[in-house]
Amino acid sequence: MTTEYSEPMESEGARLHALHDTGLSSGEEVSALISLLLDVRIRDGGPVRIFPAGSDHSGFPWYGHHAPPSAVESPVRARILPPPSDEEVNLAECDPMLSNFGTLPPTVSTVLVKAAHHYANGLWIAEADPEQAWLQFVTALEVVAVHHQTETIDATDVFSAAYPGATKKIVAAGGMDLLKGVAKDFKRLLSAGRRVQTFVGTFRPSPPSKRPTDLSDRVNWEDELIDHVKKVYALRSSLLHSGTPFPAPLLAGIGESELEAGDYFPERPNGVWGSGQSEWDASELPMHLHVFAYVVRGALLNWWKESISPNGKTIGDEA
């Protein structure tokens, strides 16, 4: 955590610190991880007690940097996410994941915190600004997908698949050694959408335990989930690069009507939808926001679990 009281670092230490910096306070990092683990809206409000050197070990109250977080009300009546459960939240359920967090390599832990922060932001703003929530959830996936690609997928294979013509020219000019060097330099820039699909395909969660009874309201989990994730990523890219908004049905929410016993909220819009002069078929509407949030959270948690071996040591540690 960087504060106004930090002493200047030596240049080498500063570079190392910047590499593993999340831009968050320790309280914000922990709250983001709790939000991901428990699937709850939670934010850090800053310190309420400080512990100056040489003072009583219990410290004393201080609210100089405390700012209670405030939720933004939804401008529409329809819910974007299903209503929260009435069950009491138990912080103890964060163990053993939080207990093992300190055993993760610095790069892995930094990536995890960044992704958890974007996921927590998505949950926090979903009702007030669902379009930005979509962006936050996609970013949460991409942060980890980029890391996973660079650590597990051969750079030459990625480059060759993306640029087959250039690959032939590079090999002809300098052989495989030149290709490997070029591919390494381009590795983080290639196939953004593909790496997200690969990551979800590798760490996809099981279908939700609560699903709508009407099959037409469900996402085809086994055969179409990755294709739907691809469509979400394409919508996100269109918004960022050309200003094309997300389809209105994906922002309109899931309604407030009471469900019949044993039923659950739809996972995707069904039929033909219109808004203003625009119209969308169900094939263009991959899933509702609450389902994508479920996919993102499940994939991130599965990756986190795989990063910790059964004996508490991390796997994939970087030498």
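These are my notes on aromatic pairs and one helix contact in this structure.

**Entry 1, getting started.** I'm working with a predicted model. I looked up the aromatic pairs, and the structure holds 7 of them.

**Entry 2, Trp221 and Tyr294.** I picked this pair to begin with. The two rings sit edge-to-face, at 5.9 Å centre to centre and with 65° between the planes. That label fits because angles over 60 degrees count as edge-to-face. Next I checked where the partners lie: Trp221 is in helix H8 (residues 221–242), and Tyr294 is in helix H9 (residues 289–306). So the pair ties together parts that are 73 residues apart in sequence.

Buried or exposed? I asked that of Trp221. Trp221 is buried, at 3% relative accessible area. Tyr294 comes out as partly exposed, with 30%.

**Entry 3, Tyr264 and Phe265.** Here's another edge-to-face pair, 5.4 Å centre to centre with 75° between the planes. Tyr264 is partly exposed at 22%, while Phe265 counts as buried at 10%. The cut-off for buried is under 20%, so Tyr264 doesn't make it.

**Entry 4, a cluster.** I also found Trp134, Phe246 and Phe292 together in one aromatic cluster.

**Entry 5, back to H8 and H9.** How do the axes of these helices cross? They come within 12 Å and cross at roughly 100°, which makes H8 roughly perpendicular to H9. On the H8 side, I noted Trp221, Leu225 and Val232 making the contact; on the H9 side, Val291, Phe292, Tyr294 and Val295. Sorted by class, the contact has 7 nonpolar residues, no polar ones and no charged ones. Trp221 and Tyr294 from my second entry are both in this contact, and so is Phe292 from the cluster.

Conventions
Residues are numbered from 1 along each chain as its sequence is written. This is a predicted model: local features need pLDDT of at least 70, side-chain atom pairs count only at pLDDT 80 or more; totals for chains, interfaces and linings use all residues. Side-chain values use heavy atoms; hydrogens and water are left out. Rings of Phe, Tyr and Trp (its six-membered ring) pair if their centres lie within 6.5 Å; planes under 30 degrees apart count as stacked, over 60 as edge-to-face and the rest as tilted. Helices (H or I, at least four residues) and strands (E, at least two) are DSSP runs, numbered from the N terminus. Buried means under 20% relative accessible area, exposed over 50%, partly exposed in between (1.4 Å probe, protein chains only). Axes are lines fitted to C-alpha atoms, for helices over the stretch in contact, and angles run from 0 to 180 degrees between N-to-C directions. Angles under 35 degrees count as roughly parallel, over 145 as roughly antiparallel, 65 to 115 as roughly perpendicular and the rest as oblique. Contact means heavy atoms within 4.5 Å. Ala, Val, Leu, Ile, Met, Phe, Trp, Tyr, Cys and Pro count as nonpolar, Asp, Glu, Lys and Arg as charged, and the others, Gly among them, as polar.
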